Amino acid sequence: MFTYSKQIPITATPDVLVCGAGLAGIGAAVAAARTGAKTMVVERNGFAGGFFTAIIGSAFDGFVDERTGTPVVGGIVFEMLERMGVIEPGQGPQLRYNVNGDLSFVEMHPERVIPRCDPERFKRAADEILAEAGVEILYHTQVADVVAADGRVEAVMASNKAGLVALKPQVVVDCTGDGDVAAWAGAPFEKAEALQPMSLHFRIAYLQPSFALRRNCAAVLKEAYERGEMGLYAGPYPATFSGRDVYFNATRTPGDSTDPADWTRAEIQGRRDAWKMFELWQAAPPEFEESYFMTSGPTAGARESRRIVGDYVLTGADVREGRRHDDVVLLGAWRLDRHPPDKPGYHDIPWTPPYDIPYRTLLPQGYENLLVAGRCHSATSEALASSRVTATAMGMGQAAGTAAAMAVTAGASPREIQVPALQAKLLAAGAILEAPETDIVPGDPRW
């Protein structure tokens, strides 16, 4: 052990501090500021966007009821699509959308809009929406420790080029993905024995996307795996941003993103596997003849790590049965997408109906000025296979940020605010809290 002591300067005292500027963090920071709170967001990267920008993702997951393409998450998700030029202002609720940008889903419904999120467009849109909301943005700043006592976070220690600094907010929203703030404060959390694997995404340029390309790429990887030339891999799940490039979600590395050694290994192995795949494809499908390895994601993405234990734990039954809750603050709709850590290729992804995500899943047990949003919210490992995704995370963030600001205004804890008042504010901001009606069921030819 090593004991180290020094005085830390207090550099900010915001009403609401949002830790992490990924999808949940953008939603939380924008919502808190618009609800009247002096808001700061800190982010370890030099840009916001999380999955879409730090990992490279293709489109909003969990955004629609898969049966009809009807949106189930609104609010800031619609705004981001407008700012990126994917849809026209005000169009959001009326359009019908694809499940995401993956070519396998697009092939099922080519007539639907793809809720595409180009990483560079997303960075710019995120900067703009945060700044216009009046959020104080601090990039290149990572949460390093938490001081907590008597069920309250007193200060968040952050590390950046100014050194170690202390931030003293009234309310904290943990959008770190791994639940760093909540866990380091002492909040209870769970972690599955077999976590979903991490993935390093990558993009190939001068490549024409097609539905046949996905099948050809999958066949090459399957054959290479059977020959012993390729280790674990996922899918592959290709998508395109420009129509002249293809993004691949295809690497699969077991590990824990809260373990620095595991995370490092996932990135090194991910790059090795990405290049191996590219070289295999160059030698086989003719589509790759003029292709160019454009980029890999800045970081390997984690699907699952710490799950903070809240006042309610979302369950697999909640998801599978489309259960309703009185304190609903957003809807989930992504499939139960649990990537196996020990098997290659495609995996079973059971469909789920839209389901309610309760406000209680954002409230860590035993803490009065702390909320969580994103994949670290209170859920079982099974339920998280659905609730962990991008549109759902942004909707959670919008709910948590709104609640945090309401608590500051009322001089109360987030647990004490009136849920109907929170729901009314979310609805006024364009959120969707009721599942769209449809008589379409699995096997229906209209699906």
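**Salt bridges, a buried arginine and some cavities**

Hi everyone, let me start with one residue: Asp262 is buried, at a relative accessible area of 13%. By buried I mean under 20% relative accessible area, by exposed over 50%, and by partly exposed anything in between, using a 1.4 Å probe and protein chains only. Before going on, please keep in mind that this is a predicted model: local features need pLDDT of at least 70, side-chain atom pairs count only at pLDDT 80 or more, and totals for chains, interfaces and linings use all residues. Residues are numbered from 1 along each chain as its sequence is written, and side-chain values use heavy atoms, with hydrogens and water left out.

Back to Asp262, then. What is the salt-bridge partner of Asp262? That partner is Arg265, with the closest N and O atoms 2.4 Å apart. For a salt bridge, a side-chain nitrogen of Lys or Arg has to be within 4 Å of a carboxyl oxygen of Asp or Glu. Both residues belong to helix α8 (residues 260-282), and being three residues apart there, they are separated by about one helical turn. Helices and strands here are DSSP runs numbered from the N terminus: H or I over at least four residues for a helix, E over at least two for a strand. Unlike the buried Asp262, Arg265 is partly exposed, at 42%.

How many salt bridges does the structure hold? There are 26. One of them pairs Glu107 with Arg214, at 3.8 Å between the closest N and O atoms. Glu107 sits in helix α4 (residues 103-108) and Arg214 in helix α7 (residues 211-227), so this pair ties together parts that are 107 residues apart in sequence. Glu107 is partly exposed at 28% relative accessibility, while Arg214 is buried at 13%. We also have a network of salt bridges, which links Arg83, Glu128 and Glu132.

Another salt bridge joins the side chains of Glu304 and Arg307, 3.8 Å from N to O. Glu304 is buried at 1% relative accessibility, and Arg307 is buried too, at 5%. Glu304 and Arg307 also bring me to my next residue, as both are among the contacts of Arg375.

Where is Arg375 found? Look in the loop between β19 (370-372) and α10 (381-387). Arg375 counts as buried, at 14% relative accessibility. Its side chain makes a polar contact of 3.0 Å with the side chain of Asp178; that term covers a pair of N or O atoms within 3.5 Å, where within protein one must be able to donate a hydrogen and the other to accept it, and residues adjacent in sequence count only if both atoms are side-chain atoms. A polar atom of the Arg375 side chain also lies 3.3 Å from the backbone oxygen of Ala302. Leaving out neighbours within four places in sequence, the residues in contact with Arg375 (heavy atoms within 4.5 Å) include Gly177, Ser257, Leu384 and Arg388.

Gly374 lies in that loop between β19 and α10 as well, and is buried at 5%. Not counting residues up to four places away in sequence, Gly374 touches Ala24, Ala393 and Met396.

Now for the empty spaces. How many cavities of 30 Å³ or more turn up in the whole structure? The search finds three. A cavity is a set of points, on a 1 Å grid over the protein atoms alone, where a 1.4 Å probe fits but cannot get out; lining residues have an atom within 4 Å of a point. The largest has about 60 Å³ of space, and its lining includes Val73, Leu330, Gln398 and Ile432. Both β17 (328-332) and α11 (390-410) supply at least two of those lining residues. The second largest has about 50 Å³, with Phe63, Glu66, Trp334 and Arg335 among its lining residues.

Finally, some backbone features to look at on screen. Gly235 and Pro236 are joined by a cis peptide bond, omega about 10°, and Pro236 falls in strand β13 (residues 233-239). Ile56, in helix α2 (residues 51-56), is not a glycine but has a positive phi of about 85°, and is buried at 5%. Tyr206 also has a positive phi, near 55°; Tyr206 is in the loop between β12 (202-205) and α7. Is Tyr206 buried or exposed? Exposed, at 61% relative accessibility. Thanks, everyone!

Definitions and conventions
On a 1 Å grid over the protein atoms alone, a cavity is a set of points where a 1.4 Å probe fits but cannot get out, and a pocket is an open set with protein on both sides within 12 Å along at least five of seven lines; lining residues have an atom within 4 Å of a point. Grid points are joined across faces, edges and corners, and a volume is the space filled by probe spheres set on the points.
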